[in-house]
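Pull up the structure and keep it open while you read. We'll go from single residues to helix pairs, then on to the place where the chains meet.

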Amino acid sequence: MLRLFLASLAILCACLTANAQETGLQPILQAHQDIIAKSSRKTIGPAIDAIAASDLPQAQVMLETWAAKDMWMRKSDGLFFAGKKAEGRSYELIDFDTGEVVGTYQKSDLKQLKPNSGIRAMIGTALVTFQLTDPNRDKRLAALQSIQRDPEAALLAPLRASIDGEPDAALKAQKQRLERLLSIGFDEDTTARVAAITDMSGDLGVDVRAALNPLVVTTRQVAVELPGNANIAAILKPGSEALTRDAAYDLLVANELAAPRVSADDIRAALAANIEGGRVGDVPVAQLDSDAKRVQAYSVLAEAGTVPAFITPADVDAALGAHVFFEVFSEPSAEVTAAAEKALERIELKVGLNQTLDLSLDAISLASIYFLAAIGLAITFGVMGVINMAHGEFIMMGAYTGYVVQQFIPDHTLSIIVAIPMAFAVTFAMGVAMERLVIRWLYARPLETLLATFGISIALQQLAKNIFGTQARPLTAPGWLDGAWVLNDVVSISYIRIAIFVLAMIFLGLFLYIMKRTRLGLEMRAVTQNPRMAGSMGINPGRVNMLTFGLGSGIAGIAGVAIGLFAKVTSDLGSDYIVQSFMTVVVGGVGNIWGALAGAGMIGGLQKGIEWMNPSNTLAAQTYMIVFIIIFIQFRPRGIIALKGRAAGD
Amino acid sequence: MERSFIAKNPSVLVFLAILSLFTIAVTVLSEGFGIGVISTSFVKTLGKTLCLCLIAVAMDLVWGFTGILSLGHFAFFGLGGYMIGMWLMYERTRLIVVESLSRADIPPTPSEVVDAIGTQIFGVVGSSDFPLIWAFADSLVLQLVLVVLVPGLLALVFGWLAFRSRVTGVYLSILTQAMTLALALYLFQNDSGLRGNNGLSGLQNLPGVTASQDVVSIWFLWASALALGLGYILAAWIVSGKFGLVIRGIRDNEARVRFLGYSVEVYKLAVFTLTACIAAIAGALYYPQAGIINPEEIAPIASIYLAVWVAIGGRGRLYGAVIGAAVVSLLSTWFTGGQAPDISLGFYTIKWVDWWQVLLGVSFVLVTLFAPQGIGGLFDLWANRRHPDRHGTNLGPDDSSLREKEALE
C-alpha cells in the first residue's frame, strides 16, 4: 500500500516537473536570448530582472552557474544549459529546469557565456533576493553582509519581503535594522524615509552614520541667480569665514564664469616666452629679478595684447557681485536633509559622550601600565630612596623570561602562569645580587647610586642584545586574552588591557598587604625611617634592605611579563618606561603607594587627553606631558601626595 | 701680595702646553698641512674629541664643583649644533639654488630663491615653507648669537624653575633628564621645523669655502683646541676664585651656605646657564665636523654618557674631566669601530663591537665603587698627595651629606 502511494507520489512529482518545464526558466531565457548572448552590462538589465521576477527555485542555481561562467549556449538551437567538463574537449550539458543531463557536446558546438565583472555584480544583486530566503542560515547571513557592503535600491523590496518569514530571531533583528537603513537611502516615499531616519537617530552604529552622512553632503555651487528647485543648504557670502574672496573667485574660474588671475608663475612663464633681444617689454632681462619690474614688463606685454591682461581687484569685485554662491544638498528632498541633520546632531552628541567614555577607559588602561611599571620603583625609590636606573632593565628581563619560558612551554596559558613566578624569581635574585654587590656601598651617596645603577643598566641592555639579538621577540598572549570587549561601535577595550588593569589592582593590594600587615613590611618601614633605631630593636637592616630591593625588582619582572604581552620585547623595552616610571613616582609623591597611583592616573589621563586634542601626534603628546610635569613640580615639589613631618626629611 | 692666577693654578699652564703640543703635532702629521700620517677622518675624530672634552669641562663645573648632576647638558650641546647647522644648511642650499636658478631665462626674485631653498630643505618632511625658527638662518652673525642665546635661555628658564622650587639631588637629575627627553621627542616630530628624525645634514661643507676637507678638518681642529683652551681657562678661573669656593660650599652643604647668607639659587643658576652656553659652543664646533645632527644625538642616554666620562676621568678636577672624555670617547670609537682585536676564548669569541658596552658599564660601576677619584686620582698618587685619614667620617649631620674623602677636592 505504502509502495503504491510512494510510486504515485513519484509520478505526480514527475508530472509537476514536466509541467514546470513548459513554463520554466528556459522560455524566459529564450525571450532574452539576444541580450544574454551579447553579454553587455548596459543591455543585460531586463534579462536579469525577468529571471529574478520568475520566482522559480531553479533561477538561483541558474544565476549562480551564470556568474561562475559555467553556462553554455547550444549553437544549434540557442538553448542555455549548465555545462560540466567531460572527456577531452566535450561538455556535458544539464538542463536548468529538470536538472537532467541533456547530452554531451563538443566545445565547437557550444558557446560559453562569460559575464564581465559589471554583469556579475548585477547577477549578485539578483541572487541576494534568493539568498535572503535561503534555508541555510549562513547563506542568509552572507546575503545580509553583502547588502551591508553594497546597499542598493533594488534590494529594499526583497529584504522587506524576507523579514516576516525569517525564523532566526537574531537575523530577523539584523534584517529589520538593515531595512531601516536601506529605507533611509532608497525608499521612494519621503515620509517613510523621514520616519526611518527618526527611528535610527539614537543609534551609535557606524553604519547608521554611513547611511546618514551621504544625505547631508553638500556641493558648493555658483550661479547668476539662485535656482528655485534645488535643495539649498546655505547661501554663502564671499569674504565671509566660510568662503573667502579668493576661494569664491577660484570657484568662478573653475566654473568658467570668470577669467583666471595671473599668478606669479604665469608672469614668469609669459616673460620667459617673450624675450626679444635681451629685453621683455622694454625691460632688460637682467633687471627682472624683482616683482615690481616683472609686473611692469608684463603690463607692457598685456597692453600689446600678447598675454592675457591682469585681473584687477575691481574685476574681482564685479565678478563676485554678479554671482550668488551657495551650497546644495545632493539629496533633493529638503525634509529628508533636515531630518538627517537633526538625527546626525543627536548622534554626534551621543558619540561625543561615548568617546569621552572610551577615552577615559584608554586613559585608565595607560595609567595602569604606568602604575605597573612604576610600582617596583615605588618600593625601591619611594620606600628605600634608592635610585635604580636599571629598573627598566628588570622590566626587560621579566619580559625576556616570559619569552624564554614560552620556548619551552608551547601552551600559552600555562606558559604565562609559569612565567610570572619565574620572572619574579629571576629579577628578585638579580635585585638581591645588585643590592649586595653595589647599592649597599652607596646608601650615603644617592647621586652615585644613580650612576652605578646606570652602568649596570647599559651593561644589561647590551647583554640582552648579545644574547637575544636586536630584533623584537614575540611574547604571545593566551588566546582568551585576544579580542576586545565591545560595548558599541564607539566604546571598546581589549581584554589584554583589562587584564593589565586587574593585575595592577592586584599589585596594589599586594603592596598594601605586605607593607601594612606583614612582619617584613613593618621592618621595612622601620628601617626606612631610622635604620639605627631599627637596628637596635633587633632588626637586621642589611637583610631588610636586601629583601625590599629584591621585592621591588621582582615586581618589576612581573610587570615586564605583562608589558611584554602587548609591547615588542626588545632590549630597549625598559628604557622606554624608565623616565615615565620615575615621573609617575615623583609626580605622585615619593614614599607613598597612593601617590604612585595618583601619579600614574594623572600622567595616563594627561597623555591621552593631549593625544585626543592632537590625535596624529603621540610624540607631541609626550613632549607636552613632560613639560607639564616640569611645571607641575614647581607647584608641588613633593608630589601630589606629600609626606608630612619628619618622614618627609630629605 | 696676591699671587697671580697662573701661579695659583700651575696645572692650567701644563694643560695649555699639552693642548698646544697636541694641536701642532696633529697639524704636522695631517694630510692637509703636514706629512699625511694621520688620515682626515681621524683628524675629524680628534677634533670632535676636543669638543667633547670641552663639554666635559662644562659638566665638571656643574657636577663636580657645584654638585648638580645635570643629565641635560647634551641637549644644550645638540641645540648649539642645530643653531649653527641651520645657517650651514641654509647658506649652502642657497648657493646651490642660486647657481641652478641663474641658468633659467629670467633672473629669480629674492622670494623665489627663498621658496626654492625651502623646498630643497623641507621637501624631505613634506613641506616647503620656512618655520618661524628659521627666521635668522640667513645671517651667520645672528645664528652664531643664537648658538649661545637659545641654549642659554633654555637653561636659564629651566634652571630658574627648578632651583627656585628647591628641587635638588636625584630629583633634579631626573627632571633634567625629562627635559632632555621632551626636547628630543619634540625634535623627532616632522613639524618641529627642524626636519624631524632626518635632522640637518651636509654640515661638513662650509658654504663658499673651496678648500678640501683635509684643510677644513684642520681648521676645525684649531678652532676646537682654541675653544677648549679658553673654556678651560675660564673654568679654572671661576673655580679658583671666591665664586669657586661658594659653589663648592653649595655642593658640600647647600643649607649651610644658604644660612651663611649666600643666594644659593643665583649661584646655581649662574653656573647652570654658563655651562649650558659652553656646552652649546662645543656642540656648534662638533656638528660641522660630524656632518650631521639629528634628534637621536640629544636622547637622554648621551647626557648620561657625559656623566660617565666625567666620573671615570675624575670629578672635581678639570683635567680629570678632559682626560675622561678623551680616553672614554676615543676608546669607544676604537672598540665600536671594529678595530679592536677579537679575543678568542676557544668556546666563544668576544667581539668588542658587542661587548664594549658591557665592559664600559661594568668598569663604570667599579670606578664608582672603588675609585671615586677616577683616572685623575692617579695624579694624586704621582704627586704623593694623600688625604688626611679621618676614617671617612661624615662632614655633616646627615647621612646624605658628603664624606670627607669626596669633599676634599
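In which loop of chain B is B:Arg195 found? Look between helix H7 (169–188) and strand E1 (200–201) of chain B, and you have the loop that holds B:Arg195. Keep in mind that this is a predicted model. What makes B:Arg195 worth a stop is its backbone: phi is near 65 degrees, a positive value in a residue other than glycine. As background, most residues other than glycine have a negative phi. With 23 other C-beta atoms within 10 Å, and 20 being enough to count as buried, B:Arg195 is a buried residue.

Chain A has a residue to set beside it. A:Glu256 also has a positive phi without being a glycine, here near 60 degrees. A:Glu256 sits in a loop too, the one between helix H12 (245–254) and H13 of chain A. Is A:Glu256 buried or exposed? A:Glu256 has 8 C-beta neighbours inside 10 Å, and 12 or fewer is the mark for exposed, so A:Glu256 counts as exposed.

Now for some helix packing in chain B. Find helix H3 (residues 40–65) and helix H8 (residues 213–240) of chain B: their axes are 8 Å apart, and the two pack at an angle of about 15 degrees. Angles under 35 degrees count as roughly parallel, so that is the word for H3(B) and H8(B). H3(B) passes H8(B) in a left-handed crossing. The residues of this contact divide into 19 nonpolar, 6 polar and 2 charged.

H8(B) has another packing partner to look at, helix H11 (residues 264–290) of chain B, at an angle of about 165 degrees and with the axes 10 Å apart. That angle makes H8(B) roughly antiparallel to H11(B). The crossing of H8(B) and H11(B) is left-handed. To see who meets whom, pick out B:Phe220, B:Ala223, B:Ser224, B:Ala227 and B:Gly231 in H8(B); across from them in H11(B) are B:Ile278, B:Ile281, B:Ala282, B:Leu285, B:Pro288 and B:Gln289. By type, the contact of H8(B) with H11(B) has 8 nonpolar residues, 3 polar and no charged.

Next, over to chain A for a pair with another geometry. The axes of helix H17 (residues 391–408) and helix H18 (residues 412–437) of chain A come within 8 Å and cross at roughly 140 degrees. Roughly antiparallel would take an angle over 145, so H17(A) is oblique to H18(A). The crossing of H17(A) and H18(A) is right-handed. From H17(A), the contact includes A:Phe394, A:Met397, A:Gly398 and A:Thr401, while the H18(A) side includes A:Ser415, A:Val418, A:Ala419 and A:Met422. The residues of this contact divide into 9 nonpolar, 7 polar and no charged.

What about the nonpolar cores? The largest has 211 residues, and those with the most contacts inside it are B:Ile55, B:Ala56, B:Val57 and B:Ala307. Which residues does B:Ile55 touch, leaving aside those up to four places away in sequence? They are B:His73, B:Phe77, B:Ala279, B:Ala282 and B:Leu306. B:Ala282 may ring a bell, as one of the H11(B) residues that meet H8(B). Apart from the largest core lies another, of 51 residues, among them A:Leu29, A:Ile36, A:Ala47 and A:Met73.

For a sense of distance, try A:Leu551 in helix H23 (residues 541–566) of chain A. A:Leu551 is buried, with 24 other C-beta atoms within 10 Å. From A:Leu551 to A:Leu79 you go 472 residues in sequence and 85 Å in space, C-alpha to C-alpha.

Last stop: where the chains touch. Here 45 residues of chain A are in contact with 42 residues of chain B. On the chain A side, at least two residues each come from helix H13 (264–273), helix H19 (446–468), helix H24 (573–588) and helix H26 (618–635). Which of these helices gives the most? H19(A) does, with 14 residues. The side of chain A that touches chain B divides into 32 nonpolar, 8 polar and 5 charged residues.

Note on methods:
Residues numbered from 1 in each chain as written. Chains lettered and ligands numbered in written order. Predicted model: local features only at pLDDT ≥ 70, side-chain atom pairs only at ≥ 80, totals over all residues. Axes fitted to C-alpha atoms, helices over the stretch in contact; angles between N-to-C directions. Helix = DSSP H or I, 4+ residues; strand = E, 2+ residues; numbered from the N terminus. Parallel < 35°, antiparallel > 145°, perpendicular 65-115°, else oblique. Left-handed = near helix turned anticlockwise from the far one by under 90°. Nonpolar A, V, L, I, M, F, W, Y, C, P; charged D, E, K, R; others polar. Contact = placed C-beta atoms within 7 Å. Core = buried A, V, L, I, M, F, W, Y, C linked by C-beta atoms within 7 Å.
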